[in-house]
Amino acid sequence: MKFSQSRSDVYVPETGVAPEAALASVTHLCLAAHQDDIEIMAHEGITTALDVPGKSFGGVVITSGAGSPRTGDYAKLTDDQMQDVRREEQRKAAAMGRYAIQIQLAHPSSLVKKPGHSIVTEDLVQILSGCRPEVVYLHNPADKHDTHVAVFLRCLEAMRALPAERRPQKVLGCEVWRDLDWLVDTDKVALDSGKHPELALELLKVFDSQVSGGKRYDLAAMGRRSAHATFHTSHATDRMAGITWSMDLTPLVNDPTLSAEDYTVAYLDRLRADVVKRMRAFS
Ligand SMILES: [Zn+2]
């Protein structure tokens, strides 16, 4: 397994398993922009692999973490040192969550943002060609982080480049920066992120370089999951202890003629129609 960046990293937590075999076993795959995004987005996939025999989880981080903010103990680190710290943190999470494989492609964000069939897309095609995932967790196209949206677009290019029979069965766009609570209920796909709550917190806290400066992503992600579980319908009792909202992106992958922009804006149109309808009903 060889990727284009010299700093790319392939880690298989279980000893004695070859990377190719580990990747081939993956049933739940998350393709994310940064170290810690996987643990915020795809807790459902991580815990499914822990709880269901025959399922296994794989994580891919696409950027290098070079430009990440740093405070406190990390304030004096150079970009190179920071990349090393973040790579180790992601490896720790993979070991703790018993991922089958953790790949870190170490691309600069600027490269990820370049449209077209770049080396980023080629690396992703290589990964997707080495496994047959049932579910792929991506960033969603309405996220407000530029790199997340660019990563989503590169992932879409890569999946569309696969032969139709090799494309993943289900592709979901998950919330990180900007919740998906605004989706109308019929557009929401709930990911159960309430299982293994102690592990969930540990997986978020392992990213000490991000959390220790006061940005409590660990508490924020856990709180958001609980809030979504409680507020998702006004009548039902809570069936899940935590929810991560996502949108179904499978149609975009299966039909390369479908515009990603039109597909995304249609969600906004349905929100608008929902708000207008409810107001008019009582005016
Ligand atoms: Zn991110």
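Student: In this predicted model, which residue has its backbone oxygen 2.7 Å from a polar atom of the side chain of His-43?

Tutor: His-43 belongs to helix α3, residues 43-51. Among the residues it contacts beyond its neighbours within four places in sequence are Ser-193, Lys-195 and His-196. The backbone oxygen that lies 2.7 Å from a polar atom of the His-43 side chain is that of Lys-195.

Student: Is His-43 buried or exposed?

Tutor: Contacts of His-43 with residues outside its neighbours within four places in sequence include Ile-38, Ala-200, Leu-203 and Arg-225. Buried means under 20% relative accessible area. The relative accessibility of His-43 is 1%, so His-43 counts as buried.

Student: In what order do the eight strands of the open sheet stand?

Tutor: The pairing in this sheet is mixed. β1 and β7 (189-192) have a single partner strand each and therefore stand at the edges, with one side of each left without a neighbour in the sheet. From one strand to the next, the twist averages 25°. The order of the strands is β1-β4-β3-β2-β5-β6-β8-β7.

Student: How many bridges join β5 to strand β6?

Tutor: Strand β5 comprises residues 135-139, and five of its five residues are buried. Its residue Val-136 stands opposite Val-171 in β6. The chain passes from β5 through helix α7 (residues 146-161) to β6 in a right-handed β-α-β crossover. β5 and β6 (residues 170-174) run parallel, and the number of bridges joining them is five.

Student: Which residue of β5 is the bridge partner of Leu-29?

Tutor: Strand β2, residues 28-32, pairs with β5 in the parallel sense, over three bridges. Within β5, the bridge partner of Leu-29 is Val-136.

Student: Which residue in β8 stands opposite Cys-174?

Tutor: Strand β8 covers residues 243-248 and is joined to β6 by three bridges, the two strands running antiparallel. Opposite Cys-174, the residue in β8 is Ser-246.

Student: At about what angle does helix α6 run to β4?

Tutor: Helix α6, residues 119-129, lies across three strands: β2, β3 (57-63) and β4 (101-107). Relative to β4, the helix runs at about 170°.

Student: With which residue does Arg-91 form a salt bridge?

Tutor: Side chains of opposite charge can pair when their charged atoms come close. In the salt bridge of Arg-91, the closest N and O atoms are 2.9 Å apart. Arg-91 lies in helix α4 (residues 79-96) and its partner in strand β1 (residues 9-11), so the pair ties together parts that are 82 residues apart in sequence. Arg-91 counts as partly exposed at 23% relative accessibility, whereas the partner is buried at 11%, and that partner is Asp-9.

Student: Which residues are linked with Arg-7 in a network of salt bridges?

Tutor: Asp-84 and Arg-87 form one salt bridge, with the closest N and O atoms 3.2 Å apart. Both lie in helix α4, three residues apart, about one turn of the helix. Asp-84 is partly exposed at 35% relative accessible area, and Arg-87 is buried at 17%. The residues linked with Arg-7 in the network are Asp-80, Asp-84 and Arg-87.

Student: How many salt bridges does the structure hold?

Tutor: A further salt bridge is formed by Asp-181 and Lys-188, whose closest N and O atoms are 4.0 Å apart. Asp-181 is partly exposed at 37% relative accessibility, while Lys-188 is buried at 15%. For the structure, the number of salt bridges is 14.

How values were computed:
Residues are numbered from 1 along each chain as its sequence is written. This is a predicted model: local features need pLDDT of at least 70, side-chain atom pairs count only at pLDDT 80 or more; totals for chains, interfaces and linings use all residues. Side-chain values use heavy atoms; hydrogens and water are left out. Helices (H or I, at least four residues) and strands (E, at least two) are DSSP runs, numbered from the N terminus. Buried means under 20% relative accessible area, exposed over 50%, partly exposed in between (1.4 Å probe, protein chains only). A polar contact is a pair of N or O atoms within 3.5 Å; within protein, one must be able to donate a hydrogen and the other to accept it, and residues adjacent in sequence count only if both atoms are side-chain atoms. Contact means heavy atoms within 4.5 Å. A salt bridge is a side-chain nitrogen of Lys or Arg within 4 Å of a carboxyl oxygen of Asp or Glu. Two strands pair if DSSP finds at least two bridges between them. A crossover is right-handed if, with the strands pointing away from the viewer, the path from the first strand over the helix to the second runs clockwise. Axes are lines fitted to C-alpha atoms, for helices over the stretch in contact, and angles run from 0 to 180 degrees between N-to-C directions.
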